[in-house]
Amino acid sequence: MQDTQTTESPSIPSRSSTSTQDRSSTVGQTLSSAPQPSKPTPIIPPLAKSTGPGSGSGVRRMRRIIAEDAEWSLAIVPLLTELCIQHIVKNFQNNPILKQLLPEHQKKVLTHLSPDLPLAVTANLIDDESYWRRCCTQRWPVCHVDNHGGSWKRMFFELHLENLLKHFIPNTTDPAVILNLLPLCRNYVRAIRVDQFLPPVQLPAPPRGGDQSDSGSEGEMEEPAMDHYQLDNLVAGLSHLEELDLVYGVKDCGMNFEWNLFLFTYRDCHSLAATVKACHTLKIFRLTRSKVDDDKARILIRSLLDHPALEELDLSHNLIGDRGARAAAKLLSHSRLRVLNLANNQVRAPGAHSLAHALGHNSNLISLNLRLNCIEDEGGQALAHALHTNKCLTTLHLGGNELSEPTATLLSQVLTINTTLTSINLSCNHIGLDGGKQLLEGMSDNKTLLEFDLRLSDIAQESEYLIGQALCANREAARQRALNPSHFMSPVTVKGPENPAG
């Protein structure tokens, strides 16, 4: 409210001013006669002389009116809907109300909910992707939602479960921390990717008594158990699990490095084998950088025989030799495996012979990776012979296997008759000048190969260039077929009904 100002003059007041004063005095008398509640007396400033031009000797009386409600304002009162939404958001943890609201009100509630609410409240109630996106971006600075099927909710629960597994310490962490999460995440987790498993905490050994002989060897002392977290109960509760990607080791151990931190024990192996055998929805199984030798590989592969859903097996960067390769070859004949990766192991010619024999009779495998082994020409030639009859393999990686001209000669023959291979890698071998010419001759009759890696293989620069030109022509032809598939379809003769009249 604005202050009211009145000016008094020594001259005779006009009729209007006189009547105004009379009304004011009358109102004042009436108010004074009525009982008044106790209020603070407003402060009326003293008369002040007017200092403006033409003011003469007039004085001015200042009056200030004080509002009874100090918090009163002209702001618009919020809508009742907004007040209800604010109340729901404030009390959501104790009284979650969401499904009963209209869609537009649900959206407002989800926008204002905190990402720090307990998962027991939000897991099975909130499906909105924008809310779970806020939860993910607040917790992890880098989020690749494409690696989790494009779902932010799936990404949150998979990364949250992965974090619990990476920091689980056997015999120290309560297993209920992980198992209690199962009812909340069982419908959303499709993949488990763990690149670290911590071993149990080793307590310092008690000092030996003075009467104990020092002649005993260290090998006779009982070693502490180094078994890691067992995944059987967890995987059994995840009804939609399709991918299992594991590494048994410790990251960022620094000066605390010990070899037993990277030990994949036999108990770990047997438990994991039983786990993957019981998981009938598993499609991808990766166990890399875990020191898996032949015996452990055979235990694992035996549990995968006749698996109903397995499509990809990755045992790269381990210690698997010929016996393990022979077990993998048996798996090719007793599964629907489409991708096999044994890169950076210890497979030699006998193991390659076993794989070649299985490859010659296989109709499912589309990718075989044997790079960084040592199959040499004996194993390379066996695989080349198998490719004469195989009609399903599309990708073959034999980089870094001590191959030379004899293998290149047989592969050039494969290129002239095989119509399914689209990618071959022979990098880091000793193909040589003559081997390069043989491969160039085979490429002249090939129309399906799209990638052929011959880096660091000692072939002539001219041969490498001409092979590259042939690959470019094949890729262009493949692009044209993709753009106009009907133009490249073989004509089909339609036989009409026979004339009954002869």
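Is Glu312 buried or exposed, going by relative accessibility? At 19% relative accessibility, Glu312 counts as buried. The cut-off for buried is under 20% relative accessible area. The model shown here is predicted. The legends below start with the whole chain and then move to close-up views.

**Figure 1. The whole chain has 17 helices and 12 strands.** The chain holds 502 residues, and 39% of them count as buried. Its accessible surface comes to about 30300 Å². Carbon and sulfur atoms account for 54% of that surface. Take the contacts between residues at least 6 apart in sequence: 78% of them join residues at least 24 apart. Across the whole structure, a search finds 13 salt bridges.

**Figure 2. Glu312 and Arg286 meet in a salt bridge between two strands.** The N to O distance between these side chains is 3.3 Å. Glu312 lies in strand 7, residues 312–314. Arg286 lies in strand 6, residues 284–287. The pair therefore ties together parts that are 26 residues apart in sequence. Arg286 has 18% relative accessibility, so it counts as buried. Glu312, at 19%, counts as buried too.

**Figure 3. Arg154 and Glu158 form a salt bridge within helix 6.** Their side chains meet at 2.6 Å, N to O. Helix 6 covers residues 152–166. The two residues are 4 apart, about one turn of the helix. In an α-helix there are 3.6 residues a turn, so residues three or four places apart point the same way. Both Arg154 and Glu158 are buried.

**Figure 4. Arg479 forms a salt bridge with Glu476.** The closest N and O atoms are 2.8 Å apart. Both residues belong to helix 17, residues 461–483. They sit 3 residues apart, which is about one helical turn. Arg479 is partly exposed, at 43% relative accessibility. Glu476 is also partly exposed, with a relative accessible area of 36%.

**Figure 5. Salt bridges that share partners join five residues into one network: Arg193, Glu243, Asp245, Arg286 and Glu312.** Two of these residues, Glu312 and Arg286, form the salt bridge of Figure 2.

**Figure 6. Arg298, Arg302, Arg326 and Lys330 form a positive surface patch.** Two elements each give two or more residues to the patch. They are helix 11, residues 294–304, and helix 12, residues 322–333. Arg326 lies in helix 12. Its relative accessible area is 42%, so Arg326 is partly exposed.

**Figure 7. Ala325 is a buried residue of helix 12.** Its relative accessibility is 0%. Which residues does Ala325 touch, not counting those up to four places away in sequence? They are Ile320, Val347, Gly351 and Leu355. Leu342 is 17 residues from Ala325 in sequence. The C-alpha atoms of Ala325 and Leu342 are 8.2 Å apart in space.

**Figure 8. Helix 14 packs its buried residues against three other elements.** Helix 14 covers residues 376–386. Its buried residues are Asp377, Gly379, Gly380, Ala382, Leu383, Ala384 and Ala386. What do the buried residues of helix 14 pack against? Their partners are helix 13 (349–360), strand 9 (367–369) and helix 15 (405–417).

Conventions
Residues numbered from 1 in each chain as written. Predicted model: local features only at pLDDT ≥ 70, side-chain atom pairs only at ≥ 80, totals over all residues. Heavy atoms only, no water. Patch = residues over 30% accessible without salt bridge, like charges linked within 9 Å, V, L, I, M, F, W, Y side chains within 5 Å. Areas by Shrake-Rupley, 256 points an atom, 1.4 Å probe, with all protein chains shown as cover. Salt bridge = Lys/Arg side-chain N within 4 Å of Asp/Glu carboxyl O. Lys, Arg positive; Asp, Glu negative; His and termini not counted. Charge placed at Lys NZ, Arg CZ, Asp CG, Glu CD. Buried < 20%, exposed > 50% of the residue type's maximum accessible area, 1.4 Å probe, protein only. Contact = heavy atoms within 4.5 Å.
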